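Trainee: Could you take a close look at the charged side chains in this model, and how they pair? I would like the cut-offs spelled out as you go.

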Amino acid sequence: MLTACMLPLRMLGLLLLMLSLCDAHSICPDELNPLTLDVPKVIMNYGESVEVNCSSTEEDHDGIYWRIGNKDSEHLQDSFISQSVSLSEWNVTAECKINLNETHECSKQLEITIYQNPTVNVFSINTAVEGKLYGLQCDIGDVAPVQKLKVTWYKNNQTIRIENFTNTTKTPVSESSTLSVDISRADNGAEFRCEAQLDFGQHGPQLPVHSDKLIVSVEYAPEFKNTTEHVVVYEGENVTLNCDAEGQPKPTFHWTHDGKKLSDTKDLNIIRVNTNTKYNCSAKNYLGNITKEFHVYVSPRNIQRAPAIITTPEPSKPRDAHSICPDELNPLTLDVPKVIMNYGESVEVNCSSTEEDHDGIYWRIGNKDSEHLQDSFISQSVSLSEWNVTAECKINLNETHECSKQLEITIYQNPTVNVLSINTAVEGKLYGLQCDIGDVAPVQKLKVTWYKNNQTIRIENFTNTTKTPVSESSTLSVDISRADNGAEFRCEAQLDFGQNGPQLPVHSDKLIVSVEYAPEFKNTTEHVVVYEGENVTLNCDAEGQPKPTFHWTHDGKKLSDTNDLNIIRVNTNTKYNCSAKNYLGNITKEFHVYVSPRNIQRAPAIITTPEPSKPRGCPLVLKPAKTVVRFGDPASINCSTSATGIISVGWEATSGARITNGSAVHWSVDKVEDWNINLSCYLNYEENGMDHQCSVKPDITVYKTPDIVSLSAVNPGPVMEGTEHRLKCDIINVTPSQKLNVTWYRGTDILHRDILDKMSMNPVNMSSIFKFTAERDYNGANFRCEAVLNLGPNGPELVHIVTSSPYTAVVQYKPLIKDCPNHLTGVEHEFSLEKSPCQADGNPLPIFLWKYDGKMINANEPLTRTQSGIYTAEVSNSLGKSNTSVHITIEYGPKFTCNDHYEVQVNSTLQCELEGNPKPDIKWLKDGKMMASPWRWTKYDSGYYSLSATNKHGNQTLKLYIDVLFAPEINEGPYSKEVNLHGNVTLNCSAEGNPRPIVYWNYATAANVWNTTRGHMKSIIITGATYTNAGVYICVATNKVGSVKSNFTLTMKGERVFPLKFIWWLLIGLIVILVFIVIVYKRWKKHGRYSFIPHKDNDGSDIPMSPQSNGANDRV
């Protein structure tokens, strides 16, 4: 068959009919393909274009052409064709094709790679804190193709990590690479950067893109070079003590002496030191607090020091107390100078002195001294039940000099170790694992080693100087691929005390990784040849994890969702598509089905041998038929038969007692200690003259309930609202795992039930994953999982349920403002914004700010009446911000802003302002009597008033005088009065008004008329009245409000008095008549005689020339 497949190209049509079992690729195998591309591979930037040429060695063909995407170029009858390909579509394809004849075609695919160079940015994920894992992230934006992306991390220009990506997406995507490094103060100022490069090999374009440098600032707890300092000064000298602690952020300092606070400066100046004493300096930042002791020793000025010890310091500078007893002259020796022991143990230590002439030798344990001995040897038992215990052997050489030797004590506690996945293992992504090391001390001796398939891949040390037990975590990030499926990871924690210390490694359980990856076909196109009318089964053999789902289509129509597609009676060449999909990807494979006529001889069919008929059943009965037994408990099974001709019946077993009783046999065991009991009951019997043998195996389930059920987050730490969170329930040491049911709870609500289907007879560790979308209401909620073996009706009556400890969810979410009304009311000088019911809800805890007119307001300050208005409440945290407007009204008690005296006019209102919120109720009192509020003042309302204003915040009273002003009103007139000729008469005029009006008379003066005043009365007195005194007298009254007048008419008795108006009309009439007469007269004079007066200059005489007329017509 292979020979047939390699025949020359012109015979392919014939061979196709002969070899239906030959793969369709044999229609145009590579070695016989006549097409050649002079540019077989293209790597170019998006948007560019390329010219490609295709030539054929076969000149006898039906046409050569290019297929660009789904469009064909012109078919040429030539052996060469050129085509321009635009690279402005990411999924563009280009294929040169040649039709050899009506049924056969060859093609050559142009391998196209379109790229787009990325943008690169690096930033810190968290603050760099010594002893903690420091995370950095490199964001690579808009890069294609991502599977060619290589990200290189640099620290101080040294390569520390390279990461590749396996995503097969062709279009631009954004990716991130994370780096986790152990950080210490030595890394302060280190430069990190990342480089992204599309790696097309040596012959491809070299396009590295660098991020900016990120200079790390490491924060660490304060540290002293030494925790005790001895200073010697002369008696009466001044001394300056320096608290030389390093730390980031810079530590604050606090000096104390005998429990009293002295100073918060780095240096402490002490004036005239006279006695030995001790000072404490503490250095603190948010990462730690440490204390250093300064022992100040006073040396009398008349003491001569040994030449080896004496120095000549400046008078003002201290001398180290160590010079009193340098190491080379120290007489003390410890026979156990260093102790490394487990917490809670005790140790016997000995101290000896080469100096026998001394004032006493003793041990100081913590702050307690042992008995002082006058010996050269002293022994002491030291209990290691305190983590910070100290032990020091001391000797008093004389009254002023002392030597000591410190016992170096290391107390340890071996940790617990557990390894878990941080995230799901997905091919092409960074897979994170976390090793939790619990209750270990001292942590600075801790060494964590990571293993993959028992090969060391990483070692991590810790620099935390804490002596007491702490819990630490080590994380491992690895590039993962499908080849790592089933790989075993574990971590080992060891306290490393060197070669001479105890060796105490603690191993975690193995974590077997299950890698998830997108579906993949072995090939993307398959050619299948069948005889006409035959059935065929197409297999969509895609690999993927999770297992992919399949979808078959034909000419755009959906056919099936199974792995295999059965096609009945194939009659024409056709094409089927199968897509395989899981959450990581979706791929499609083409199946080209070619039909071969039946007149072609086929190869012999495959002959199979039919299965033999099944044997008849074995006449054995087991009681019980199914056995469920706990590991370590007793078990028994009875096997019996009703068959005749029994030769033998018995048990085949590796353990247990067997008792035979005729046709029955009993098996029992006092203690089940085998997880997979290999047990079989057999029967040998005779039937119809023939010997037979059969056996049955009992259905035995050996179970073990879990040792531990624990709940943890797959990705530790807080989770963002709206994102998926996964919890992991670990069930330790349980069997049979296929019977294990896990129930998930939030509080008392059942969330999910999980039936685990892993088959295992031996105890295994199982895990159940629960996924949910985090909501803000889940913050602080307690989740738990419950594991139970569902052993069915044959299981124990009392079902053993094992429940995990609760896991408290920490959900981070954007802040919201709660319980905040649109309008708030408060009392002046009492209400402040912090007293409002508005609350901030968010995680991390939000910052709550109040703003007014865009400016921030101190929420603690009470508000005043002038500060009513619309305020903005704003809350923010690292995830976002929210705000709302609140109309705040400040209420206050009544207050009058009035004078105690007012002048008002009649019908006007009082301009006395009253403040108060809510609007106060006002009560008016006059002369102690309640009255209605005067809306308009009258001339009778002047007087003293009392005003009382009241609202719910208080009341106020105001006393004032209201002076109502009104215009004058004349009390008399107008009227007429008669007087006798030569008689006397008095005209009186008075007026009312406020202010009091001025009254005066307007009249024609005369010798007999006098103006007099009596009180408020203004009078005119006329004596000896004559006709000239008759007429109108006007009285005028005026004040600042207005003016008024009244007319008084005086007539002479007996005199006919015409009305004034009549007199005026009479005068007017007379004048009109007189004017008329004058006009008529003048006109008459012009028509009658004339008098001519000659001009003296011409005539010389004074004789008038007067014409005479007698009334007749004159002729000229």
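Mentor: Glu673 is exposed, with a relative accessible area of 56%, where exposed means over 50%, buried under 20% and partly exposed in between, with a 1.4 Å probe and protein chains only. These areas come from the Shrake-Rupley method, and for residues only the protein chains shown count as cover. This is a predicted model, in which local features need pLDDT of at least 70 and side-chain atom pairs count only at pLDDT 80 or more, while totals for chains, interfaces and linings use all residues. Residues are numbered from 1 along each chain as its sequence is written, and side-chain values use heavy atoms, with hydrogens and water left out.

The side chain of Glu673 meets that of Lys671 in a salt bridge, at 3.9 Å from N to O, and Lys671 counts as partly exposed at 47% relative accessibility. A salt bridge here is a side-chain nitrogen of Lys or Arg within 4 Å of a carboxyl oxygen of Asp or Glu, and by this rule the count comes to 39 salt bridges.

Another of these pairs joins Glu229 to Lys292, with the closest N and O atoms 2.8 Å apart. Glu229 lies in strand S18 (residues 228–234) and Lys292 in strand S25 (residues 288–299), so the pair ties together parts that are 63 residues apart in sequence; strands are DSSP runs (E, at least two residues), numbered from the N terminus. Within this pair, Lys292 is buried at 0% relative accessibility, whereas Glu229 is partly exposed at 26%.

Lys394 forms a salt bridge with Glu402, the closest N and O atoms being 3.5 Å apart. Here Lys394 counts as buried at 8% relative accessibility, while Glu402 is partly exposed, with a relative accessible area of 30%. Elsewhere, Glu95, Lys97 and Glu105 are linked in a network of salt bridges.

There are also charges without such a partner: Glu355, Glu356, Asp357, Asp359, Asp375 and Glu399 form a negative surface patch, a patch being made of residues with over 30% relative accessible area and no salt bridge, with like charges joined within 9 Å. Asp and Glu count as negative and Lys and Arg as positive, with His and the chain ends not counted, and the place of a charge is taken as NZ of Lys, CZ of Arg, CG of Asp or CD of Glu. Glu355, one of the patch residues, lies in the loop between strand S29 (346–353) and strand S30 (361–365), and Glu355 is partly exposed at 32% relative accessible area.

Key. Patch = residues over 30% accessible without salt bridge, like charges linked within 9 Å, V, L, I, M, F, W, Y side chains within 5 Å. Areas by Shrake-Rupley, 256 points an atom, 1.4 Å probe, with all protein chains shown as cover. Helix = DSSP H or I, 4+ residues; strand = E, 2+ residues; numbered from the N terminus.
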